[in-house]
Amino acid sequence: MTLLQYLPALISSLFRIFTYIFLQIIPTRLAQAVLPAFYLLHLITTWICPKPNSTQVHGKGEKQLNGPVVRRKGHAKPLSTICFSLPTTSKRLHWLNISINTLLLLAAADLAVTPFFDTASSVVFTRMGAVYPDSVKLVVRYPNPNATEHTLLLVYREVQKNASDVSALWKDGPQLQLKEESDWVDTARLANLWPSTSYEYMLSTLNRTILPYPSAPIQFRTFPDPRLQSGSHFRFIASSCITPNFPYRGPLHRRTIRGYDLLADYIHSSSLPVAQEAFTEPIETSHPDEPQNDTVSGNVSDVDAQIRESKTTPITYITPPSTDFMLFLGDFIYADVPLYIGDDREAYRRLYRRNYESPSFKKIYESLPVFHAYDDHEFINNYGGEGKDIPPYDNASDAYNIYAGNANYDSRQPGQNFYDFQHGDIAFFVMDTRRYRSAATESDLASRTMLGDEQLSALYNWLYKVNETSTFKFIVSSVPFTSLWGHDAAIDSWAGFPSEKAALLNVLHSVPNVVILSGDRHEFAAIEFNTNDPNSHIVREFSTSPLSMFYIPFVHTLRMRSEESFISNSSSVDGSYEEVPYERAVAYLPKGNSKWSTFEIDTRDVEKPVLRIETVIDGQPAYHFEMVGVRVRPPNFTGLGSFVVTNVKDLFEKIGLQPRRWF
């Protein structure tokens, strides 16, 4: 058999390999040219290349005799023929190979073109956005195909202490103006609420007829009042990067987002098994130059394995604190992966609707407030607006604001997408890293900006305000702050803006208990930023992604330490001095299609505020870290926290007063 007869087999094998990569590893845009080309090339070569016949030697030791074909050891069996598209005289196997390739091409086409044709125009949903001590933002989509606009009423009530008591009357909340021009979506602010109080709401017509959706009241809890200096104990989730049905699981899962399914199971678990010595020490790599393994010594990565290995370690089942919200750090949609949808307003809106129609995401947004930041794929890959709102900013931001941005906290500067908020004594600043960033072609590194002057000034003002009033300060950046990631991160992350980063980092070192949250890289890493000033503070970054998207096995782009370092002023035990890198990865976990980090905050002990991090990969806890913070001087106004809120409210009720709002 000639080599030419194996050409179709080679092309078919390459086609199948590339299709597997596209469907299971990375939905690269190169596939739109590569896959059809290889599929057609296989058909052409199958037609024109010489075919084996019954008189040829089919394999080592196989001959055509006067009787039936005699197959000896070495002949390509049917299974091998199917797997590798090997030449065969069997028409059945020949057409089976072509059919397999056709099905693979259809699967790839299904993944690529579904975002264009799945309009999700009838999706109905409601979710919680920004939560305040005295109000909450609520988003509703309720289309009316027989009109161009209609009005609904939001009704609410306080959740009763006795779950079986449903006698409390519904109160009228704000009206929702749903219009076709805004894609039947409106965001309303429900005000005059009490801090640290649980409420529930429904949707109704203006004559107070309850609508069929939602089928049951949706509950939320207002945040504590930060003016009442009481300790906090809660947790929140952070992650980024999702796309439905990836890795590809077939046409029946077009709206499945597996990361949200796993996250819902995690959040709704009533208790967690934790070894008693867990969360006692920070997890660090055994050697700063080597990546950390998934299972870390001295902490709980696999509870069952720990039980098997150590019978003396008691296991305690604990009820975790409430999960109060989720920070989504960007790439909620992929407008350009695997194909760019175009600079079209309806196309961007369609991608958001598709995600909201996902039953996976519904498990989250009906039970948990979600606060958003955007990144590049809400626009187009590696987008930078240069402060000019260059295309496709207008159409892309229109869809983002309707489905995400309007429900975020209001920026202190009108018309901006960066914002800050408080949860008790914990402060957050969410940056806009796309709208004002300089072009990648800007050659003057000193003049490059990620944030722009107005946003940078707002960030510095926020740091000044929360420096001595908030225990932990979280800064959200959609892209990594560290410069340890290579490849395109050298341009797209903060590494590409060295002067602005250095100036900001210098300020952050002067503020205690600063934590940076980031995503984008489809890997997890825990980074520490060190300083040679003994009076300054270490800054930490936790970068977590994707929630439900690709990761690339065998290709890792994170360096474990920076080349720049300093000699520590404090000598080690043996009298030598330690060389400390300015940036160091203390954990690096690149594998996994689904990653999120849970941040548990406990500031009830003023002298020992604690931040605990748990990173979950593909549904399994993989990394734990505990940070004991520095005590922060309380503000001038002090109080008794939720005790005050509860007892003042009860006092008013006892004397027959029902004030409509908190002070």
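Here is a walk through the predicted model, from its confidence to its sheets, helices and a few backbone oddities.

Residues are numbered from 1 along each chain as its sequence is written. Since the model is predicted, local features need pLDDT of at least 70, side-chain atom pairs count only at pLDDT 80 or more, and totals for chains, interfaces and linings use all residues, while side-chain values use heavy atoms, with hydrogens and water left out.

Let's start with confidence. The protein chain has a mean pLDDT (the predictor's confidence in each residue, from 0 to 100) of 87, and 83% of its residues reach 70 or more. Residues 69-74 have pLDDT below 50, and this stretch has 12 contacts (heavy atoms within 4.5 Å) in the model beyond near neighbours in sequence. Residues 635-643 also stay under 50, with 11 contacts beyond four places in sequence. Where pLDDT is low, the predicted coordinates should not be read in detail.

Now for the sheets. Helices (H or I, at least four residues) and strands (E, at least two) are DSSP runs, numbered from the N terminus; two strands pair if DSSP finds at least two bridges between them. One open sheet has 4 strands in the order S4-S3-S6-S7, with antiparallel pairing. Its edge strands are S4 (171-179) and S7 (218-221), each pairing on one side only. From one strand to the next, the twist averages 30°; angles run from 0 to 180 degrees between N-to-C directions, and axes are lines fitted to C-alpha atoms, for helices over the stretch in contact. Inside this sheet, S3 (residues 149-158) and S6 (residues 198-204) pair in the antiparallel sense over 6 bridges, and Arg157 stands opposite Glu200 in S6.

The other open sheet has 7 strands, ordered S13-S14-S15-S16-S18-S17-S21, and its pairing is mixed. S13 (419-423) and S21 (583-589) each have a single partner strand, so one side of each is left without a neighbour in the sheet. Neighbouring strands here are turned by 20° against each other on average, direction ignored. S14 (residues 426-430) pairs with S15 (residues 472-476) in the parallel sense over 5 bridges, with Ala427 opposite Lys473 in S15. Helix H10 (residues 452-466) lies across S13, S14 and S15, running at about 175° to S14.

On to helix packing, with H7 (residues 345-356) taking part in two pairs. The axes of H4 (residues 91-117) and H7 come within 8 Å and cross at roughly 105°. That makes H4 roughly perpendicular to H7 (angles under 35 degrees count as roughly parallel, over 145 as roughly antiparallel, 65 to 115 as roughly perpendicular and the rest as oblique). Thr114, Pro115 and Phe116 of H4 make the contact with Arg350, Leu351 and Arg354 of H7.

H7 also packs against H9 (residues 393-403) at an angle of about 30°, with the axes 8 Å apart. The two helices are therefore roughly parallel to each other. Among the residues that meet are Tyr348 and Tyr352 in H7, and Asp394 and Tyr403 in H9.

Finally, the backbone. Most residues other than glycine have a negative phi, and most peptide bonds are trans. Phe246 and Pro247 are joined by a cis peptide bond, with omega about -5°; Pro247 lies in the loop between S8 (233-239) and H5 (258-267). Cys241 is found in the loop between S8 and H5, and its phi is positive, near 75°. Another cis peptide bond joins Pro391 and Pro392, with omega about 10°, and Pro392 sits in the loop between S12 (370-372) and H9.
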